Amino acid sequence: MKLRLHFVVDPMGWFCLSMVLFVWLYNTLFIPKLVLLPHYAEGHIPGALVVCYYLASLLCVSALIRASTADPGRLAQDPKIPLAEREHWELCNKCNMMRPKRSHHCSRCGHCVRRMDHHCPWINNCVGEDNHWLFLQLCFYTQVLSLYTLVLDFCQYYYFQPLVSVDQELFAVHHELALLRVSCFMGLIMFGGMSSLFYSQITGILADTTTIEKMSHSSDGIGARRSWQQSLAEVFGTRWKVLWFLPFRSRRPLHLDYASNSHV
Ligand SMILES: [Zn+2]
Ligand SMILES: [Zn+2]
């Protein structure tokens with residue numbers, strides 16, 4: 001697997017990305033320690049629940065790291081433009097380079113990105129043609145992990161607490177309740193934010209419209225008629241649906257017959 005790492009030098013982006021990593025780390029350390037492992041040890045829950053939590057956490061952080069370090073679709077310095085495609089290319093007046101239509105110049109990254117969706121400060125990277133699939137995975141796994149965390153927080157608060165043998169200091173109980181509330185607060189924000197983002201991303205992909213095009217109302221006539229499977233297969237670079245959920249792979253663009261209708 002050939003990986004091209006891509007790092008954006010932006011202190012604000014580093015700050016936002018650190019906050020996201022902090023939320024992930026907090027819950028990944030706290031939820032198993034306080035909720036899952038003690039109840040597993042006392043036989044209240046099966047080991048599969050613990051494994052599922054760590055698996056969701058691993059997939060979530062893998063999608064985050066890969067989305068933030070993947071090349072979003074930077075253009076080559078001296079691109080070879082096929083003769084038949086010349087009319088679909090244009091000159092960027094900021095970096096003075098030829099680029100395919102639907103590319104955009106990102107002022108934060110300082111270069112053009114093919115089929116750029118938007119620049120996301122939370123991953124400190126652009127979301128473009130080559131890492132859009134990783135961004136979708138990140139939205140999906142963040143929803144799964146935050147919903148799982150919220151359910152466990154709720155169960156701990158209402159059902160599990162009386163089951164635990166009462167040998168804890170009063171301070172520890174108060175301390176844990178405070179940690180639980182912080183976890184709930186983070187879970188609600190992450191789940192609410194990611195659900196609406198995921199919905200708008202999916203509707204954009206199905207309509208073949210990027211976030212930038214939606215905001216600038218320049219999407220009229222861009223969308224080509226295609227099934228949801230075809231639209232998502234193009235974004236994920238494979239028709240194998242099980243691979244849509246795996247961040248541990250590289251993406252190869254699909255050259256579908258209908259692509260010529262939608263590239264301009
Ligand atoms: Zn440019
Ligand atoms: Zn950018």
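Helices (H or I, at least four residues) and strands (E, at least two) are DSSP runs, numbered from the N terminus. The structure described here is a predicted model, in which local features need pLDDT of at least 70 and side-chain atom pairs count only at pLDDT 80 or more, while totals for chains, interfaces and linings use all residues. Residues are numbered from 1 along each chain as its sequence is written, and chains are lettered from A and ligands numbered from 1 in the order in which they are written.

The protein has seven helices and six strands, and from the N terminus on these elements follow the order α-α-β-β-β-β-β-β-α-α-α-α-α. Of its 264 residues, 30% are buried, where a residue is called buried if 20 or more other C-beta atoms, placed from the backbone, lie within 10 Å of its own, exposed if 12 or fewer do, and partly exposed in between. Among the contacts with a separation of 6 or more, 64% join residues 24 or more positions apart, a contact being a pair of residues whose C-beta atoms, placed from the backbone, lie within 7 Å.

A good place to begin is helix α2, which spans residues 47-69 and, with 23 residues, reaches 33 Å from its first C-alpha to its last, close to the 33 Å expected at 1.5 Å a residue; that expected span is 1.5 Å times one less than the number of residues. Its buried residues, including Tyr53, Cys60, Ala63 and Ala67, pack against α1 (11-41), β6 (125-127) and α3 (132-160). Cysteine 52 also belongs to α2, but counts as partly exposed because it has 14 C-beta neighbours inside 10 Å. The C-alpha atom of cysteine 52 is separated by 9.5 Å from that of tyrosine 148, although the two are 96 residues apart along the chain.

How do α1 and α2 lie against each other? They pack at an angle of about 170°, with their axes 10 Å apart, the axes being lines fitted to C-alpha atoms, for helices over the stretch in contact, and the angles running from 0 to 180 degrees between N-to-C directions. The two helices are therefore roughly antiparallel, a term for angles over 145 degrees. Where they meet, the residues of α1 include Leu17, Trp24 and Tyr40, and those of α2 include Gly47, Tyr53 and Ser68.

The largest nonpolar core, a set of buried Ala, Val, Leu, Ile, Met, Phe, Trp, Tyr and Cys residues joined through C-beta atoms within 7 Å, has 40 residues, and those with the most contacts inside it are Cys60, Ala63, Ala67 and Leu138. At least two residues of this core come from each of α1, α2, β4 (111-113), β6, α3, α4 and α6 (228-236), and α3 supplies the largest share, nine residues. Leaving aside neighbours within four places in sequence, alanine 63 is in contact with Leu134, Gln137, Leu138, Tyr141 and Pro247.

Farther along the chain, isoleucine 189 sits in helix α4 (residues 170-206) and counts as exposed because it has 12 C-beta neighbours inside 10 Å. In α6, the buried residues are Ser231, Glu234, Val235 and Phe236, and this helix is followed by glycine 237, whose phi is positive, near 75°.

Notes. Two residues are in contact if their C-beta atoms, placed from the backbone, lie within 7 Å. Angles under 35 degrees count as roughly parallel, over 145 as roughly antiparallel, 65 to 115 as roughly perpendicular and the rest as oblique.
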